[in-house]
Amino acid sequence: MTMKHEWRKAEKQYYLPGAKPEIIRLPSFNFITIKGEGNPNEELFAQNIKTLYSISYAIKMSLKKLEIKPLNYQDYTVYPLEGVWDLNDEAKKKFTGMINKDDLVYTLMIRQPDFVDFACFERLREATQRKKPELKLNALQFASIEDGECIQFLHKGSFNGEPASFEIMEDFAKKHGKTRASKKHREIYLSDFRKVPAEKLKTVLRFRIN
């Protein structure tokens, strides 16, 4: 019997960094993504998360029930929510160091196992849309993303404290002869920020380097 793939155990190098910043090279992974903009405290952001989880769990459960599985299929734990964050073009022109959350643009995503391809995604998106017509599943995209060489760090606590963690990461980059490629960054949410107190949150922070 094939063991269940649990990303927390099998892929620690990508999701459970240590107490200090580290350099890592990321291969290409498949993701289901949804784009948005504006303050993440607004309802649209929560709706986008719900949409992503709905399709991700639909895929997992549907594949598990199939008599004939995809090649290399293995039961798995759904991967964590991730977000790539940036500022809109107008905010970048006027950037002073302070971020207005209304100026944020983001791509939320959940990674998929390698055996989930575009055709599988499309088929199950249509099936899920019929069952849950209130969800805007047509806003979802399937993409292969390769981040390449990055610095990552485990941030503990409120999202408002992230600037201090980014300073630590940027200092680490300089010491290793690297520079941050842009202000765009990735966050991997190891805690469910809808349920966990801010002071107990754990978030992997990651940005590309040159």
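In the predicted model, strands β5 and β6 (residues 202–208) are paired in the antiparallel sense, and 4 bridges join them. Within this pairing, Arg-186 has Arg-206 of β6 as its bridge partner.

Strand β5 (residues 185–189) also pairs with β2, again in the antiparallel sense and over 4 bridges. Here Gly-83 is matched with Glu-187 of β5 as its bridge partner. A further antiparallel pairing links β2 to strand β3 (residues 104–112) and comprises 7 bridges. In this pairing, Leu-81 lies opposite Ile-110 of β3.

These pairings form part of a barrel, which is closed by 6 strands in the order β1-β3-β2-β5-β6-β4 with antiparallel pairing. On average, neighbouring strands of this sheet are turned by 45° against each other, with direction ignored.

The burial of β2 was examined residue by residue. Strand β2 spans residues 81–87, and 7 of its 7 residues are buried, so the strand is largely enclosed by the rest of the structure. Buried here denotes a relative accessible area under 20%. The side chains divide between two directions: Leu-81, Gly-83, Trp-85 and Leu-87 point one way from β2, whereas Glu-82, Val-84 and Asp-86 point the other way. Residues of both groups are buried, including Glu-82 and Asp-86 in one group and Trp-85 in the other. Two of the bridge positions described above belong to the group that contains Trp-85: Leu-81, opposite Ile-110 in β3, and Gly-83, partnered with Glu-187 in β5.

Conventions:
Residues are numbered from 1 along each chain as its sequence is written. This is a predicted model: local features need pLDDT of at least 70, side-chain atom pairs count only at pLDDT 80 or more; totals for chains, interfaces and linings use all residues. Side-chain values use heavy atoms; hydrogens and water are left out. Buried means under 20% relative accessible area, exposed over 50%, partly exposed in between (1.4 Å probe, protein chains only). Two strands pair if DSSP finds at least two bridges between them. Axes are lines fitted to C-alpha atoms, for helices over the stretch in contact, and angles run from 0 to 180 degrees between N-to-C directions.
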